[in-house]
Amino acid sequence: MFERILMMTDLTDTSRRAFAPVADLARRQKGTRVVLAHAVVGSTEQYFLDSLIRAQIDAKARAKARTGLDEIAAELSAMGVDVEPVLEIGSPFNVVPDLVQRYNAQLVVLPTHSQHSLVRRISNSVTARTIRDHVVPVLTINDHFDPKTWAGFGPIVHPVDFGDQQRSGLLTAEDFAAATQTELQLVHVLRPMNLASIYDDDERELARIVEQSADDLHGRVEAGMAEVLARLTRVKGQSRVLTHNNAGVGIVDYLSTVGAGLAVLPALGRDAVHTQLMGSVAEHVIRYAPCPVLVYDRPLFA
């Protein structure tokens, strides 16, 4: 499935949350190697220092982090995973792209804290840069994910927004579902009809119009979802139209309700505006999803 997986670790228990999903992926293909990497700041931002002093600072930083990295690598190795621990000097923002190229990684795993700066600044974070600059899928795992209750990657949930990335999103979700032999669930979130947007003096007539409009819209979306579902050729699937005031909250609630094993979301935009405004829906799901979230930019195995 993936010959090289790059997993970043901050040497905390958050990293261990990713063990089960990473081990599952690694076991599915003989020869898969997980590059377990930790970035040490060291003297990265101390350009004014003498090179010898900077080298000493870096050596101490490496020595301090090495024990923790080796311990985490040993735990992952005990799960039957081929692990290569890598310790780099620099910020994750720069280290991740370098490692992706060096090891030709096809997937990056980023365990994150929900309140960590990586997630708070997700639009210009390591996640965004990895996807935007290197076209590599990113698997994010936050601290709402409980590996003890995780039963595997199924079902996989893919929110459909009927936008420009609909086709690539469907292919990515289907690729992953086929590779992991799981069911694919397509969902679309509709906001309840806003009464204030329709004016009529007769309240009963207003209520009738609102109800009819909502039914018509729901029916059109269901028909559109059925068309998208019909494009699946390799996996079993189903579609569902949800109603919620907040699409991000609605998706996270649905992930919890169905016990989803993975959510598949579109990548960030490539221009400056879209990169800064990733979108509250995707960001909310990445922060609070009870399962791993795969952020894509193209079909996995195209």
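This passage describes aromatic pairs, nonpolar cores and strand pairing in a predicted model.

Aromatic contacts come first. The model holds 3 aromatic pairs. Trp150 and Phe153 form one of them, with an edge-to-face arrangement. Their ring centres lie 4.9 Å apart, and the planes meet at 85°. Trp150 has a relative accessible area of 14%, so this residue counts as buried. For Phe153 the relative accessible area is 1%, so Phe153 is buried as well.

Phe153 also pairs with Phe176. This arrangement is again edge-to-face, at 5.1 Å centre to centre and 65° between the planes. The pair of Phe153 and Phe176 links distant parts of the chain. Phe153 sits in the loop between strand 5 (138–141) and strand 6 (156–159). Phe176 belongs to helix 7 (residues 166–180). The two residues are 23 residues apart. Both Phe153 and Phe176 are buried. Through ring pairs, Phe145, Trp150, Phe153 and Phe176 are joined into a cluster.

Phe176 reappears in the nonpolar interior. The largest nonpolar core contains 48 residues. Met7, Leu25, Val109 and Phe176 have the most contacts inside this core. Among the contributing elements, helix 3 (residues 51–77) gives the most, with 6 residues.

Val109 illustrates the contacts made by one core residue. Neighbours within four places in sequence are set aside here. Val109 is then in contact with Ile5, Leu6, Met7 and Met8. Ala18 and Val22 are also in contact with Val109, as are Leu139 and Ile141. Another core lies apart from the largest one. This other core has 19 residues, including Val187, Leu242, Ala247 and Leu265.

Strand 6 is covered on both faces. Ile156 and His158 lie on one side, and both are buried. Val157 and Pro159 lie on the other side and are likewise buried. Strand 6 also has pairing partners. Strand 7 (residues 184–190) runs parallel to strand 6, and 4 bridges join the two. Within this pairing, Ile156 stands opposite Leu184. Strand 9 (residues 262–266) also runs parallel to strand 6, with 2 bridges between them. Here Val157 stands opposite Ala263.

Key
Residues numbered from 1 in each chain as written. Predicted model: local features only at pLDDT ≥ 70, side-chain atom pairs only at ≥ 80, totals over all residues. Heavy atoms only, no water. Phe/Tyr/Trp six-rings, centres within 6.5 Å; stacked < 30°, edge-to-face > 60°. Buried < 20%, exposed > 50% of the residue type's maximum accessible area, 1.4 Å probe, protein only. Helix = DSSP H or I, 4+ residues; strand = E, 2+ residues; numbered from the N terminus. Core = buried A, V, L, I, M, F, W, Y, C linked by side-chain atoms within 4.5 Å. Contact = heavy atoms within 4.5 Å. Pairing = 2+ DSSP bridges.
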